[in-house]
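Me: Please take a close look at the ligand and its surroundings. Which residues come nearest, and which polar atoms face the ligand?

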Amino acid sequence: MTGYFFWREKIHQDFGHAYKVELVFEEHNLQKVQIFKNQTWGYFFVLDGIVQFTERDEYIYHEVITYLPASLLKKAPETVLIIGGGDGGVLRELQKIPGIKKILQFEIDRIVFDLCRKYFFRLMGDYSDPRVELNFVDGLQGLKESDTDAFDLIIVDCTDPVGPAKSLYSLEFYQEIHRALKPDGVFIQQASLPAYFPHVLKLALQASSVFPWFDIARVYVPCYGEELAFILGAKEKKDPTNPLQVYYGKYYHPGLNKALFTLPQTWLNLVERRDSELNKGTVL
Ligand code: SAM
């Protein structure tokens, strides 16, 4: 540990978030990995200069990205694909859902997994679970080699499209997700912070031309400093405010669906649509 100093998360040229930290670990391979310790947020994980999660509020993100799509399924999920998620937080929440038979994961960076197992093992799911198969491979590549109609749930817990995640915000990627999803299946992907990085949600909107049912949800995760967007897609129409599967977490409960799928006008303007047009599958 190096003693305390101020580290700045650079959001824009002239704006960022400052944290008084101790540096725990730093290395630059495929991605620049930094682990810091801070009194308010605890240990937190940074990739390519952007905060990925903190000990203090990671459960909000991991519960919503897992339970929200699962709540829209006609029956409890049996086969799940995680793309990214090397910190193991999504696996932890999935392993609380009864009835799952198979969990396949494609994480591109083994270093993320190894470091999270060392410094964030309490937050990680159980990778010795025989239902779990973890592959250190690019998500798009792994997806292309996956079977058709194979997954009830596909959870894309990836970084923003700056480094290796660029391929995960492409039309080809969304078409492959569509092919691999079961007829009743649901897909979710983090789409960053529209107030700071609106271009990411715009990129992710390509998925709306692939999925007959497409929607956007939002959640406030305090350590990000702004609301985070998720995109969701399915081959069949879903009623997002009427959850069919019921899950309760420290943060998530079924009554939240309505709020999570109610978007501010700024986001509606961002995606150039009015509420009523969205579920008509309008190609934007
Ligand atoms: N909560 C975070 C967020 O909202 O930005 C995401 C956290 S998770 C640590 C992101 C993971 O995506 C990282 O482990 C990273 O290595 C992985 N990742 C990035 N690009 C990828 C790709 N092309 N295929 C598979 N995993 C990828």
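Reply: The following account concerns the ligand site. This is a predicted model, in which local features need pLDDT of at least 70 and side-chain atom pairs count only at pLDDT 80 or more, whereas totals for chains, interfaces and linings use all residues. Residues are numbered from 1 along each chain as its sequence is written, and side-chain values use heavy atoms, with hydrogens and water left out.

The ligand has 24 residues around it, and Gln 31, Glu 107, Asp 138, Gly 139 and Pro 164 come nearest (a residue is near if one of its heavy atoms lies within 4 Å). By class, this shell holds 11 nonpolar, eight polar and five charged residues (Asp, Glu, Lys and Arg count as charged; Ala, Val, Leu, Ile, Met, Phe, Trp, Tyr, Cys and Pro as nonpolar; the others, Gly among them, as polar).

Gln 31 places a polar side-chain atom 3.0 Å from an oxygen atom of the ligand. A side-chain N or O atom of Asp 138 lies 2.8 Å from a ligand nitrogen atom, and a polar backbone atom of Ile 108 is 3.3 Å from a nitrogen atom of the ligand.

Notes:
A polar contact is a pair of N or O atoms within 3.5 Å; within protein, one must be able to donate a hydrogen and the other to accept it, and residues adjacent in sequence count only if both atoms are side-chain atoms.
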